[in-house]
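Here are my notes on the model you asked about, point by point. Keep the viewer open while you read.

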Amino acid sequence: MPAKLDHTIVHSTDRFASARFLTDLLGAPEPKAFGPFAAVPLANGVTVDYADSIVARDRIVMQHLAFLVEEDEFDEIYARITGRGLPHWADPAHRLPQQINRRHHGRGVYVDDPDGHALEFLTHPYVTEE
């Protein structure tokens with residue numbers, strides 16, 4: 001039986017600032033303190049736990065977090081991104097600025113959080129060829 005992801009920890013320079021950046025884009029409730037973390041629960045039971053890093057910002061290893069959202073949620077998230085004038089890209093390499101992509105039978109967009117972690121929002125899961 002495959003395992004289910006329960007939570008992941010993302011290092012940040014300010015756990016609540018980073019967690020709020022994500023919850024603001026998602027239109028989700030305020031993150032909750034959980035021990036040393038600012039916890040962001042997701043609809044599928046997975047929690048993104050932001051932790052204050054004990055190392056300097058230039059030592060934080062950047063992560064990529066992809067969020068599968070419904071079409072109407074994507075519209076709301078994209079409106080928040082553009083409404084705040086946030087830099088965003090259609091690709092993870094940041095070669096297509098201020099655009100979205102239409103790959104994998106859906107739409108996607110990438111935005112960096114305050115610590116440079118890549119947040120991807122997509123409407124259709126990637127399909128792998130077998």
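1. Let's start with a bit of counting: what does the count of aromatic pairs come to? It comes to two aromatic pairs. Bear in mind throughout that this is a predicted model.

2. One of those pairs is worth a look. The ring centres of Phe67 and Phe121 sit 5.5 Å apart and their planes meet at 25 degrees, so this pair counts as stacked, the cut-off being under 30 degrees. Phe67 belongs to strand 5 and Phe121 to strand 7, so the pair ties together parts that are 54 residues apart in sequence.

3. The same two residues turn up in the strand pairing: Phe67 stands opposite Phe121 in strand 7. Strand 5 and strand 7 (residues 118-122) run in the parallel sense and pair over five bridges.

4. Now zoom out to the sheet around them. It is an open sheet of three strands with mixed pairing, in the order 5-7-6. Strand 5 (64-68) and strand 6 (108-112) are at the edges with a single partner strand each, so one side of each has no neighbour in the sheet. From one strand to the next, the twist averages 20 degrees.

5. There is another open sheet to find, and this one has four strands, in the order 1-4-3-2, again with mixed pairing. Which strands stand at its edges? They are strand 1 (7-12) and strand 2 (32-34), and each has a single partner strand, so one side of each is left without a neighbour in the sheet. Here the twist averages 35 degrees from one strand to the next.

6. Within this four-stranded sheet, strand 2 and strand 3 run antiparallel and are joined by three bridges. If you want a residue to click on, try Phe34: its bridge partner in strand 3 is Phe37.

7. Next, the helices. Helix 1 (residues 15-26) lies across strand 5, strand 6 and strand 7, at about 15 degrees to strand 7. Helix 1 also lies across strand 1, strand 2, strand 3 and strand 4 (47-52), where it runs at about 10 degrees to strand 3. So much for helix 1; helix 2 (residues 71-83) lies across strand 6 and strand 7, at about 40 degrees to strand 6.

8. On to the empty spaces. Rolling a probe the size of a water molecule over the atoms shows where space is left. The largest pocket has a volume of about 590 Å³. It is lined by 23 residues, and those closest to its centre are Leu42, Ala43, Phe67, Leu68 and Val69. So you meet Phe67, the stacked ring from point 2, once more.

9. Where does the pocket lining come from? Strand 3 (37-41), strand 5 and helix 2 each supply at least two of its residues. By type, the lining of the largest pocket divides into 15 nonpolar, four polar and four charged residues.

10. Finally, how many cavities of 30 Å³ or more does the structure hold? The answer is one, and about 40 Å³ of space lies in the largest cavity. Among the residues lining it are Arg103, His104, Arg107, Glu120 and Tyr126. This lining divides into two nonpolar, six polar and three charged residues.

Terms used: Residues numbered from 1 in each chain as written. Predicted model: local features only at pLDDT ≥ 70, side-chain atom pairs only at ≥ 80, totals over all residues. Heavy atoms only, no water. Pairing = 2+ DSSP bridges. Axes fitted to C-alpha atoms, helices over the stretch in contact; angles between N-to-C directions. Contact = heavy atoms within 4.5 Å. 1 Å grid on protein atoms, 1.4 Å probe; cavity = no way out; pocket = protein on both sides within 12 Å on 5 of 7 lines; lining within 4 Å. Points joined across faces, edges and corners; volume = space filled by probe spheres on them. Nonpolar A, V, L, I, M, F, W, Y, C, P; charged D, E, K, R; others polar. Phe/Tyr/Trp six-rings, centres within 6.5 Å; stacked < 30°, edge-to-face > 60°.
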